[in-house]
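Reader: Could you take me through one part of this model at close range? I would enjoy a connected account rather than a list.

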Amino acid sequence: MHNLMRPGRPLGALAALVVLAALVGALSSPPAARSQAADVLLNVLATGAKKLNIVIPNFTLVAGTDPAGLGKSLPLVTARDLTFSSLFSVVTEVPPIAAGDPAALRAAFGNFAAAGAHAGLHGLLTLRGDRAEVEMRLHDLTSPEFRLIGSKKVEMPTNQARRLAHKIADEVVMQFTGELGIADTKMAYVGVVSGHKELHMMDYDGANPTRVTSNNSINLSPVWSPDTRSLAFTSYMRGYPYLYRMFPFENRPVQVLAGFLGINTTPAFSPDGRTVALTLSRDGNPEVYLLTLATGAFRRLTTYAGIDTEPTWSPTGREIAFVSERAGGAHVFVMDAEGANVRRVTQSGFNTQPRWSPKGDTIAFTSRQGNFDLWAVSPDGSNLRRLTAGPGNNEGASWAPNARHLVFQSNRSGNYQLYTMLADGSEQQPLPRGAGESTSASWSPRLP
Amino acid sequence: MAHRWGSAQLLAIPVLALSLFLVGCPKRPATTAASAPAPTGTPAPSSPAPSSPSTPSMTPAPAAPATAAPATPPRPSEFAENANLKDVYFDFDKYDIRANDAKILDTNAAWLKTNDNLVLIEGHCDERGTNEYNLALGERRAKSTMNYLVSQGVQASRITIISYGKERPVCTEHTEDCWARNRRSHFLTKSR
């Protein structure tokens, strides 16, 4: 039997991050409250393994009938989510384990434990009416008795079964790291349809692509509201570039957020969802403004007579990074959310599209030094590092809500398509190709 | 059966096949086209909560240069090409009017002063900026062009500007020649 735990192998950078996160989480709560799964992960990583090896047998049908084969297909979606997280090495397509039969469970998991599995997910599937429920039972396969370290019931309508699989994956990640995974999220993006840029959305893994505008004009820069109910975007649907808000999951008309002369662009919701930062040129040149949604009041933040644009919020809601040409070229600056205390972040290159990470410690941005590439920097300007180095142009980054992944656009394959990568630039991989160019992705918060 | 634990090797099926058991989405997104009145010069944006119209409250801005257009500009589609007004071009990442382009604008201004049309100035960029920044740069190019015409005696109230950033290029080759052709202000006119 293989044992691929390799003592002495140095921790991967990401594994180290997870260990750190788990330790921080552990130190901030009494030992009794720390999940047993986190202990398993810490112990596994301490041996030098880079990932946690988990086996997910097909789910065990305990009630109802399963004509669609969800017991086989859901574990595959969950497995793909866990693999994407870069924390797990997953084995699937294993026969289901009988429910309520400890001997069968020991026998089934025993082989995998011997082969190096650290954890096993036993899913009990109930299909009742139009609802699907999985009782997910997580076992520590490094313990002699394969002790149960966590269990939870997750339920969705059967016609959203894929979301059920995503939620299971997010719970598994939650068990091991203390923070929910990001599999139950969506991407909004711009796709070209019959020569027009229209807004689209899809699941974070590319499933369920759906067009959400059909106005035959130019639609740009979609961004999700924190409550995931709306998308703000710029559109030329009425001829001029106005800023709009649409509600893709509700039957509500599109709202105009800003329709001033000039440009109404680059929307960014504040973390509390109450304010939209944006660019307006109504006063004579592009400046950063704040729009209070409840009152419709605008407040101007910048005053420099040249271009100020592309605001992005710190997760505290107290600071905003933006792009300005006040120092020549284009550079990233940070200011208070009232517009004061402006300080410069980037020093060289032509730098645009700043995106403040949800964890607050990093600003990703696009730098043009020949081609476009993605870079990252701390908000105080330190720790500047490059995330992509071609091929082609790499731009338009958006953070996953746990700040571990980014989605971006790249024309490395010929035309622009969407890719994901880890926050250190590794594991760059394509999302499914659109019919036309796909650009300007916005990664949603976790769906409610 | 021997299962190997490779690094992130997965026995799963590719995503396209996974979509087989996907059964539809949450409620189908509404694609209702906006059916609001025509845009006004300084509209108050609609907002969900208050019943009384809100006036924008903002910190006072420095005096703006030549104010733009009629209160309700015609839609861009109402303007037409006009061979009498030539395009002007810009340096990379710049929006100032160069000497030779000023001469072209002088000619355009002369025509406009003897033909009482409304004019729409489009500002455009080449592909070498990111999309959002280029919307601002195109806006600055259109504005510089407008300011020059106004300085030559064309009434500001006749002029509307619009930025297209890099969204409406005249060519798509990745060459200096094509890039230079895209960095432009373009003129359209409409009779009053």
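Author: Happy to. In this predicted model, the centres of domain 1 and domain 2 of chain A, taken over C-alpha atoms, are separated by 35 Å. The domain assignment places domain 1 at 13–177 and domain 2 at 186–443. Where the two touch, five residues of domain 1 of chain A are in contact with six residues of domain 2 of chain A. Sorted by class, the domain 1 side of that meeting has two nonpolar residues, one polar residue and two charged ones.

Now let us look at helix α5 of chain A, which covers residues 161–177; domain 1 of chain A has its upper bound at 177 as well. This helix has 17 residues, and from its first C-alpha to its last it reaches 24 Å. That is close to the 24 Å expected at 1.5 Å a residue. As for its surroundings, α5(A) is mostly covered, with 16 of its 17 residues buried. Just after the helix comes A:Gly178, whose phi is positive, at about 85 degrees.

For some wider context, here is chain B. Its secondary structure comes to four helices and five strands, and from the N terminus on these elements run α-β-β-α-β-α-β-α-β. Of the 192 residues in chain B, 33% count as buried. Taking contacts in chain B between residues at least 6 apart in sequence, 76% join residues at least 24 apart.

Conventions: Residues are numbered from 1 along each chain as its sequence is written. Chains are lettered from A and ligands numbered from 1 in the order in which they are written. This is a predicted model: local features need pLDDT of at least 70, side-chain atom pairs count only at pLDDT 80 or more; totals for chains, interfaces and linings use all residues. Helices (H or I, at least four residues) and strands (E, at least two) are DSSP runs, numbered from the N terminus. The expected span of a helix is 1.5 Å times one less than its number of residues. A residue is buried if 20 or more other C-beta atoms lie within 10 Å of its own, exposed if 12 or fewer, and partly exposed in between; C-beta atoms are placed from the backbone. Domain bounds come from an automatic or database domain assignment. Two residues are in contact if their C-beta atoms, placed from the backbone, lie within 7 Å. Ala, Val, Leu, Ile, Met, Phe, Trp, Tyr, Cys and Pro count as nonpolar, Asp, Glu, Lys and Arg as charged, and the others, Gly among them, as polar.
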